[in-house]
Amino acid sequence: MSVQSFDVIPQFRFEGTLLESIPFGNGHINDTYRLTFAAGETSRRYILQRLNTAIFTKPQEVMENIEGVTAWLKKKIIARGGDPSRETLNLIPTVEGNFFYVDEEGGWWRAFGYIEGAVSYDQVRNDQDFYESAVTFGNFQCLLADYPAATLHETIADFHNTADRFAKFQRAVEADVCGRAASVQPEIRFVQAREAFCSKLVELQKQGVLPLRVTHNDTKLNNIMIDDTTGRGICVIDLDTVMPGLSVNDFGDSIRFGASTAAEDETDLEKVSCDLHLFEVYTKGFLEGCGGALTQAELDALVDGAKMMTLECGIRFLTDYLEGDHYFKIHREQHNLDRCRTQFKLVADMEQKENEMRAIVARCLS
Ligand code: ADP
Ligand code: GN1
Ligand code: MG
């Protein structure tokens, strides 16, 4: 890709004179830049992103979802007396009045106002941040509870269909295009031993036991902006995967990432476990943020959501490793293998702690 951020900046209605464009954030998917402009006495910042179109193969649909969801959130935030410039993403139009720009190589670019005075964290610093992220993700689901779900595009088909993820993994093992399968037999066996579990939530959804809701589907801690001054969670970002899904998966993906005692790519597995205190903190916050909207079946499946999202993510990292690392950005050799190992360590730990996790959910509900 030879088109750079500088080439497309003139296509957007940014205010002021460009001072700086730097690669930004630790996302695994898109190319993100933070732009700084001098505007009179002050400066203005923006986020510019090249959407990963190898992954989001229908970028127009992704952008339609984001336009719809951010406009919806904006109305709700205004109605409750909030600040829509900080509590939701705000798309910046192009000079032609669109919300995306397609460059000559077919790259899709979009820009957002930069949320000032707030940070997204890659690891939990303290209970308060994690609690805030839980309330904010729970609340996000609440705000979108009556969104016309039928108008949302499924931006990645079967995104959290763990049974389908398992099938794709099996195909990757059989094809073994990089000749890596022999060296990761313990990891492969770990997944295969859990084949039946992979279908559990998908089946409950098909049977109508678990309802489809408008969910975020990528509820990592670093997809929440935390206010520098108040410490409150203010905004949910990374809306590319907002689509109908399971609430328990949104819950579970946050646990997988945030309740781990180590980074997602930690190589010392001794450091990796599921912190039950953080699990409790998040559970409390999420239930509060959801405002009583979850059904009994959803409450019963929260712990499975945590195990499922952790196992699924590990399966996805391992599949990508087997297929030659074409999905997740890697920064070192075996990065995806390291990531998959932390996830499997967490799954094994959650399996051990399952009874305690269930007791914590019950305690948070009482
Ligand atoms: P990816 O899909 O690659 O994860 P994200 O949309 O999550 O991309 O953006 C990557 C990072 O950029 C985020 O984790 C966050 O730190 C930062 N970021 C994204 N949007 C904004 C914004 N509007 N204001 C401030 N920071 C942002
Ligand atoms: C990706 O985009 P980012 O970095 O927030 C991925 C998630 C994974 C996560 C693992 C669209 O999230 O599904 O859980 O990496 N996003 C997509 O860290 O695949
Ligand atoms: Mg992200």
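A polar contact, as I use the term today, is a pair of N or O atoms within 3.5 Å. The structure on the screen is a predicted model, and I will go through its two ligands and then one helix.

I start with ligand 2. A polar side-chain atom of K220 sits 2.8 Å from one of the oxygen atoms of ligand 2. From H28 the partner is a backbone N or O atom, also 2.8 Å from an oxygen atom of ligand 2. R256 contributes a polar side-chain atom at 3.4 Å from an oxygen atom of this ligand. On its own, ligand 2 exposes 440 Å², and the protein buries 97% of that.

Who stands around ligand 2? There are 17 residues, and those that come nearest are H28, K220, E264, R316 and Y327. By type, the shell splits into 7 nonpolar, 4 polar and 6 charged residues. Helix 12, residues 302-323, gives the largest share of that shell, with 3 residues. Both domain 1 (3-116) and domain 2 (127-365) supply at least three residues each to the shell around ligand 2.

Now ligand 1. Here 19 residues lie around the ligand, with N30, Q49, I115, S120 and N222 coming nearest. The shell of ligand 1 consists of 8 nonpolar, 10 polar and 1 charged residue. Again, domain 1 (3-116) and domain 2 (127-365) each provide at least three residues to the shell, this time around ligand 1.

For the contacts of ligand 1, N30 places a backbone N or O atom 2.9 Å from an oxygen atom of the ligand. I29 does so with a backbone N or O atom at 3.4 Å from an oxygen atom of ligand 1. From D238, a polar side-chain atom lies 3.0 Å from an oxygen atom of ligand 1. Taken alone, ligand 1 has 550 Å² of accessible area, and the protein covers 94% of it.

Last, helix 9, residues 247-258. R256, which we met at ligand 2, is one of the buried residues of this helix. Others among them are F251, I255 and F257, and also D250 and D253. Buried here means under 20% relative accessible area. In helix 9, 12 of the 12 residues are buried, so the helix is largely enclosed by the rest of the structure.

How far apart are the end C-alpha atoms of helix 9? They are 17 Å apart; at 1.5 Å a residue, the 12 residues should span 16 Å, so the two values agree.

Technical notes: Residues are numbered from 1 along each chain as its sequence is written. Chains are lettered from A and ligands numbered from 1 in the order in which they are written. This is a predicted model: local features need pLDDT of at least 70, side-chain atom pairs count only at pLDDT 80 or more; totals for chains, interfaces and linings use all residues. Side-chain values use heavy atoms; hydrogens and water are left out. Helices (H or I, at least four residues) and strands (E, at least two) are DSSP runs, numbered from the N terminus. The expected span of a helix is 1.5 Å times one less than its number of residues. Buried means under 20% relative accessible area, exposed over 50%, partly exposed in between (1.4 Å probe, protein chains only). A residue is near a molecule or strand if one of its heavy atoms lies within 4 Å of it. A polar contact is a pair of N or O atoms within 3.5 Å; within protein, one must be able to donate a hydrogen and the other to accept it, and residues adjacent in sequence count only if both atoms are side-chain atoms. Accessible areas come from the Shrake-Rupley method with a 1.4 Å probe; for residues, only the protein chains shown count as cover. Ala, Val, Leu, Ile, Met, Phe, Trp, Tyr, Cys and Pro count as nonpolar, Asp, Glu, Lys and Arg as charged, and the others, Gly among them, as polar. Domain bounds come from an automatic or database domain assignment.
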